[in-house]
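Hi everyone, thanks for coming. Today I'd like to walk you through the charged side chains in a structure that may be new to you. Let me put it up on the screen.

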Amino acid sequence: EQSGRESDRTSLLDLALLFLRLGTIAFGGPAAHIAMMEDEVVRRRRWMTQQEFLDLLGATNLIPGPNSTEMAIHIGHRRRGGPGLLVAGISFIVPAALIVMGFGWAYVRYGSLPQIAGILYGVKPVIIVIVLQALWSLGKTSIKTKLTAGVVAAAVILTFLGIHELLILLGAGILVGSWCLAREMGRDGPTSILSFTPLTVFFSGTATTTFGLWWLFLFFLKVGSVLYGSGYVLLAFIRADLVERWHWLTESQLLDAIAVGQVTPGPVFTTATFIGYVLAGPKGAVVATVGIFLPAFFFVAVSGPLVPRIRRSPTAGAFLDGVNAAALALMGVVTYQLGRAALIDLPTLALALLSAIILFRFRVNSAWLIIGGAVTGWFLYGR
């Protein structure tokens, strides 16, 4: 009820300004984006509680598409309904898409990418600290019992063993939900659980090899409708169809597209924007971007109203608790993998330690830390 009263004071302009800023400075992939949203939405603005945020995080992990973008759309929907859904999602996507289009223009005109290694060198250690802070904060809310703690440990192990993320999330939810159901035998079981099984055969490999904007749109619409997991899964989709099957891209162009998606702020899925620009200029960029992100708006609009109902059912709420615990485990594994690539020498270790002190002790806005890391990396790289 408190959240509902506060939502009346959240204007569409407030949503737009927040997510335009996050879409402009949110480097580091979905885990970092979600960490920054948690900082802004839960702790700074108090638009929702930790538990509400975790429930939305669990919901995003159960539907296909880009998790951080869907989290932005969920937050907008929770605050201002349908208009908020559109404003928050579009505001988060557009800045990143425009930046990537700029890279695409430079790439098509000059045949190479700007030198950005120095910025990455300084930003990556800061990103690790931001994600760790979010994991610590969310973990205190999510890990409520010995069972959920065990779920986190098991999910970490299964992730390292290569088990698919969706199987881990669903398995964790079913385990905790079943445990609750066994203790609540006199109550109704879960009647509504977020579980989508999109058509994986849609637009399969029988399509024509002749390039066209319609085929480009359908390809990325398919990807946005069925893709679970990380950006590496996106890479597999693109390579199989656009490089090997249809020969629209070369291996070199694909690697450059992935690099742009990783180094620019906002959703990693804007890799599609770059590919669209390389293939068909500004029109191709717009078509690819709309195609890959459109399903996210649909899935959130359908699933968003179910989240509070799930929380009100003890068994379904326990299912969501299990999903939340597994989602945090997946974020932890991603952080570990990112850390191995980011903390490579004494300067990056020192930068991470300094960022941790500033963030945990003084609670400085993470955006300033990212800007500071980028500037520091620019000066330190290569010296």
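Here is something to look for as you turn it around: with which residue does E251 form a salt bridge? The partner is R239, and the closest N and O atoms of this pair lie 2.5 Å apart. The two residues come from distant parts of the chain, with E251 in helix α11, residues 251-263, and R239 in helix α10, residues 231-245. They sit 12 residues apart. Do keep in mind that this is a predicted model.

Now stay with R239 for a moment. Its side chain also meets that of E244 in a salt bridge, at 2.4 Å from N to O. And how accessible are these residues? R239 is partly exposed, at 32% relative accessibility. E251 is partly exposed too, because its relative accessible area is 34%. For E244 the value is 45%, so E244 counts as partly exposed.

Let's move to another part of the chain. Here D39 and R44 form a salt bridge, and their closest N and O atoms are 2.9 Å apart. Is D39 buried or exposed? D39 is buried, because its relative accessibility is 6%, and the cut-off for buried is under 20%. R44, on the other hand, comes out at 37%, so R44 is partly exposed.

This pair has company as well: a network of salt bridges links E38, D39, R43 and R44.

And how many salt bridges does the count come to? The answer is 11. Please do have a look for the others yourselves, and thanks for listening!

Note on methods
Residues numbered from 1 in each chain as written. Predicted model: local features only at pLDDT ≥ 70, side-chain atom pairs only at ≥ 80, totals over all residues. Heavy atoms only, no water. Salt bridge = Lys/Arg side-chain N within 4 Å of Asp/Glu carboxyl O. Buried < 20%, exposed > 50% of the residue type's maximum accessible area, 1.4 Å probe, protein only. Helix = DSSP H or I, 4+ residues; strand = E, 2+ residues; numbered from the N terminus.
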